[in-house]
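User: I'm new to reading protein models, and I'd like a close look at one part of this one. Could you pick a helix and walk me through what surrounds it?

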Amino acid sequence: TSVPVVALLPMPTLLLWGHVCLSASQAQLSALTRSSGLRLYSHFVTEGPRRDLWEQNPVDRDMLRLDRVQASPQALLRVFCQVLIALTDLAERETLNGEPLDTWIVPDDHYEVGLRGHVVRLRTSKKLLMAVYVAAGIDDEQLCCKAGLRAFHLLLPLLQMKRTPAFLFQAYAVVHSAVRVFLKAGVARGDHK
């Protein structure tokens, strides 16, 4: 005979995978961060087909599954935002041909090398834009601003190019809209004093 154990059924497996990802990210365990984070990511995000660069904006490839976002509790969505930031940290720590992502600020005369780095930068920024959107939806001002500032700093080198890519404005519009909503809400609450 054994003592009965009370368990929460169904188990909050997505929430558990999210916390595993965050713990692995703090310990800088790349493989575990990626595998656990992708479990949560694949639940909330639909990855589109890989196409050539001239056929699709790199930012538009992955799409947030709004039906699952709307049906999820705030605690899970908050962890999802943190996982998106952790996956961005992982992408920044990982290397491309032996060079960190931060060094991929390439002059325009090195077009091919710079283009690959810019595509990686844009795809990585999509995770932060999704975090901004979800954090704004659950009214988590601090998380929204953190993801928005990270997106801004990640994309800043692309704005410093001689020819600014037109699709950058889509990314900055998302961040700008979310920050504006929180600023208006703060003014309405009287936070401006």
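Analyst: Quick bit of vocabulary to start: a helix here is a DSSP run of at least four residues, and helices are numbered from the N terminus. Also keep in mind that this is a predicted model. Let's take helix 2.

Helix 2 covers residues 30-44, which makes 15 residues. At 1.5 Å a residue it should span 21 Å, and its end C-alpha atoms are indeed 21 Å apart, so the two agree. There is a bend along the way, though: about 30° at Leu 38.

Which residues of helix 2 are buried? They are Thr 33, Ser 36, Gly 37, Leu 40, Tyr 41 and Phe 44. To make sense of that list, remember that an α-helix has 3.6 residues a turn, so residues three or four places apart point the same way.

Now look at Leu 32, which also lies in helix 2. Leu 32 has a relative accessible area of 37%, so it counts as partly exposed, because buried would need under 20%. Leaving out neighbours within four places in sequence, Leu 32 is in contact with Val 20, Ala 24 and Gly 37. Leu 32 and Cys 21 sit 11 residues apart in sequence, and their C-alpha atoms are 6.8 Å apart in space.

What about the buried side chains? Leu 40 and Phe 44 are among the residues with the most contacts inside the largest nonpolar core, which has 31 residues. Helix 2 shares the job of giving two or more residues to this core with helix 1 (13-26), helix 4, helix 5 (111-137) and helix 6 (141-159). Helix 4 gives the most, with 10 residues. Phe 80 is a nice one to click on: setting aside neighbours within four places in sequence, it is in contact with Leu 40, Tyr 41, Phe 44, Val 45, Leu 64 and Val 134.

Phe 44 also leads us to Ser 72. With the same kind of sequence neighbours (within four places) left aside, Ser 72 is in contact with Phe 44 and Leu 77. Where is Ser 72? Its place is in the loop between helix 3 (66-71) and helix 4 (74-93). Ser 72 is buried, since its relative accessible area is 14%. Its side chain reaches the backbone oxygen of Arg 68 at 2.6 Å.

So, for helix 2, try following Leu 32 to Val 20 and Ala 24, then Phe 44 to Ser 72.

Technical notes:
Residues are numbered from 1 along each chain as its sequence is written. This is a predicted model: local features need pLDDT of at least 70, side-chain atom pairs count only at pLDDT 80 or more; totals for chains, interfaces and linings use all residues. Side-chain values use heavy atoms; hydrogens and water are left out. The expected span of a helix is 1.5 Å times one less than its number of residues. The bend at a residue is the angle between axes fitted to the seven residues ending there and the seven starting there. Buried means under 20% relative accessible area, exposed over 50%, partly exposed in between (1.4 Å probe, protein chains only). A polar contact is a pair of N or O atoms within 3.5 Å; within protein, one must be able to donate a hydrogen and the other to accept it, and residues adjacent in sequence count only if both atoms are side-chain atoms. Contact means heavy atoms within 4.5 Å. A nonpolar core is a set of buried Ala, Val, Leu, Ile, Met, Phe, Trp, Tyr and Cys residues joined through side-chain atoms within 4.5 Å.
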